[in-house]
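This briefing covers internal cavities, nonpolar cores, one buried residue and one strand with its partners. Please keep the sequence and the model at hand while reading the points below.

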Amino acid sequence: METQDRVQNPAQNPAQNPAQNQASIRLAIEGMHCANCAANIEKHYRKTPGVIDVAVNLANNTGKVVFDPTQASVDDMLAVFDDLSFTAELMPEDAPLVDTKRRAKEKARIAKDKRVFGCAALLTIIIVAIGMIPGWHMATGNALAGLFVANPTHTQAMFAANILLMLLTIPVQFVCGSRFYTGAYGSLKSGSANMDVLVALGTSIAFIFSLYITFLPVFTGDWSNSSAALEINDGMPYFETCAMLITFVLLGKILETRAKGATNQAIESLMNLTPPTACVVRAGNEQTIPLAQVVAGDTVIVRPGEKIPVDGVVLEGATEVDESMLTGEALPVVKSVDDAVTGGTQNTTGSIRVRALRVGSDSTLARIVRAVEDAQGSKAPIQRIADKIASIFVPAILLIALPVFLIWFFLVEPDQASHRLQQALMPAIAVICVACPCALGLATPTALMVGMGKGAQLGVLIKDGSVLESLGNLKAAVFDKTGTLTQGVPSVVDSSVDEEALALAAALEAQSEHPLAKAVVLYAQSHGVNTTFPVESFEALVGEGVLGKVDGHEVFVGVAQNADASEASTNVIVDGKNRGALKFFDAPKKDAASTLLTLERDYDVTSYMVTGDVLSAAQVVAHEVGIEPDHVFASVKPLDKATCVKDVQAHEAVVHLDQEVAQSIDNQDGLQKTSERGIVAFVGDGINDAPALAAADIGVAMASGTDVALDAGSVVLMRNQLSDLIVALRLAKATMRKIKQNLFWALIYNCIMIPLAAVGILAPALAGVAMALSSVSVVSNSLLLKRFKQ
């Protein structure tokens, strides 16, 4: 790519279709148990007129629906659940996902689940002890049968023990396990099949077969010691299998819920940064009120050691504020009158009074939490694989279980003819019960939740799941110069202006807010020059400089007609005479060169720079940070930055085409992939870079301190450090690795366990244990992302 010195008129943005009428709602959903549940809800929404997009998150039991309000109402969106076995309620847009109400409901549900599991476990222990410990079954049967008949036969003793096991199993099967029957009914009613169908079907088959074994003596009327009832599994039913399956699945759900809850810890830690109350001054009196009652304009008193409750500006006092919990900055930041402070940060040394400017859902912290929650609720494109598998998973398992049963029944000879049905049923039940779609449904969202929550703690906001995959394919990054690659604070590096003229120029520039003006004043003061001359008139000439009368002299500071356009300099003209020039330089950030080197060396990312400076000045910065001379766009106006991004995208597409052609000289099919190209990111401050951020595949916004440009890009670097771009890349790749690991283990688990169950190696009870552990292992693997370090 050749060097481009853009001086032409700004290019027009490409025509865009008018924004579609859109409204969105957030839902708190109750009753989802597996990936099929989430897929079923999404399927019904997509059939609803007016729905534009829908995403249901199994990991945090929420959903987001985008719809056209001219075609459908909120009531229409909620009516979707009328035909489903789930319940949903609207969540206010400014309500956090882990608010007090939802947390209380979650705790109540977990407590109930523990009670249900406790009852199931107690009964199951008794059932297993009677049914499986050698001698206990017959001893119990003889004792019970002896209450009714003297010297009971073996068949009568077996019947008595089996009746006891049946009575103990019924509460486990139909009371503790009622959730599976309710879920299965609702799922089948809505035209799909979920995990509940598998559990209910598998355990019901085992229960019915056990009933058949138990009451066979009643059907035959033969109670002798040689009764035909003893020929099927020696008269032993499979009630312990039913109980163990239900109990192990309930245990798995409790462990899964606990692990899923841990994925929200990053969000909760952010929410807990703000104190529950605030001390405000009203009617001249100090009073402590709940934080929710603080309004914009209130005067808030923050004492040493307290957390600042709101975003605002310091009215009185001075202190040092620890902002590490939001920005990761280790050293406290000095705050005095007129300085901005952010809610959630820690006041350390002094007492200050703060005027509240942004409170509640408008605060920086609330917006960060909302951005992370939205990102956690989004779907990475890789999740499409899991969604497709989940949509056909249960029917496929049932289709597998049928031939397994038929093969064992018709083709495999049993050791006894009476064992044929038993021999065929057990592997089929094991296949049904070992299959687990839950792990597939949790593979992606749990990793996203932990990864993005960890990013927020490290000062990196990744605002969409699809960005994770895009970051993994990043091939080029276009950097804005001022404030992104450089400090954004120019300084005078050379001066040919005499002291008298410098004093007059500095006095005039003191009236301006321009960064170059401030640099002139600081330079003069650092050289002991008096800058207090009276200014009688002042005029700012846009694009030229400043003009005024200082101490009786006509002074102009700016670009003179004969100035060298290749230098970043300002001439000082006093009473029509050129008294010299001041040269400026905006130094690169300390981490700029190392960051760009790491991008190229470790990630094969090519760097470009765009700036409004003239080419020669731009080349100086490019050289210092390690950008190739022909990768510099100079003299670019703000609206032209998007065009530069598109030029880089076109260049990357050509490079990709060349690589594809080189790799497919002997393969004609290879040319079909040439429409693909590497991902291009734009990195800017988010202030005047909106078109470029939108034009790039990934928009990365640098935030200045805690003034987070949350709406500027799909990735926000909260600490205004370029090195955090590397953190974002590493975190994205680590999260994608976890997602792929989770999908692999979820798939390989089913690929291994289903054949083991089909050939009779895995007993149904063990199948229940394996199914329970599969989901827990996936969530636990995602939680390992919490160990990610910068």
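In this predicted model, the residues that line the largest cavity divide into seven nonpolar, two polar and three charged. That cavity holds about 100 Å³ of space, and the structure has five cavities of 30 Å³ or more.

**Lining of the largest cavity**

- The lining is made up of Ala35, Ala38, Ala39, Glu42, Val56, Leu58, Lys379, Gln383, Ala386, Asp387, Leu440 and Gly441.
- Two or more residues of this lining come from each of helix H1 (35-46), helix H12 (383-411) and helix H14 (438-457), and the largest share, four residues, is contributed by H1.

**Nonpolar cores**

- The largest nonpolar core has 139 residues, and those with the most contacts inside it are Met32, Ile41, Tyr45, Phe479, Leu485 and Val715, while the element that gives the most to this core is helix H23 (residues 723-758), with 16 residues.
- Apart from this core lies another one of 23 residues, which includes Ala501, Ala519, Val557 and Leu582.
- When neighbours within four places in sequence are left aside, Met32 is in contact with Cys37, Ala38, Ile41, Val56, Asn57, Leu58, Asn61, Thr62 and Phe86; among these, Ala38, Val56 and Leu58 also belong to the lining of the largest cavity.

**A buried threonine in helix H8**

- Thr247 is found in helix H8 (residues 239-262), and Thr247 counts as buried because its relative accessibility is 7%, under the 20% cut-off.
- Not counting residues up to four places away in sequence, Thr247 touches Phe117, Ala120, Ala121, Thr124 and Val172.

**Strand E21 and its partners**

- Six of the six residues of strand E21 (residues 569-574) are buried, so this strand is largely enclosed by the rest of the structure.
- In a regular strand, side chains alternate between the two faces of the sheet; in E21, Ser569, Asn571 and Ile573 point one way, whereas Thr570, Val572 and Val574 point the other way, and all are buried.
- Strand E20 (residues 553-558) pairs with E21 in the antiparallel sense over four bridges, and within this arrangement Gly558 has Asn571 of E21 as its bridge partner.
- The pairing of E21 with strand E22 (residues 577-585) is likewise antiparallel and runs over five bridges, with Thr570 standing opposite Leu582 in E22; Leu582 is also one of the residues of the 23-residue core.
- The hairpin of E21 and E22 has two residues between the strands, and in this hairpin Asp575 takes a positive phi near 50 degrees.

Key
Residues numbered from 1 in each chain as written. Predicted model: local features only at pLDDT ≥ 70, side-chain atom pairs only at ≥ 80, totals over all residues. Heavy atoms only, no water. 1 Å grid on protein atoms, 1.4 Å probe; cavity = no way out; pocket = protein on both sides within 12 Å on 5 of 7 lines; lining within 4 Å. Points joined across faces, edges and corners; volume = space filled by probe spheres on them. Nonpolar A, V, L, I, M, F, W, Y, C, P; charged D, E, K, R; others polar. Core = buried A, V, L, I, M, F, W, Y, C linked by side-chain atoms within 4.5 Å. Buried < 20%, exposed > 50% of the residue type's maximum accessible area, 1.4 Å probe, protein only. Contact = heavy atoms within 4.5 Å. Pairing = 2+ DSSP bridges.
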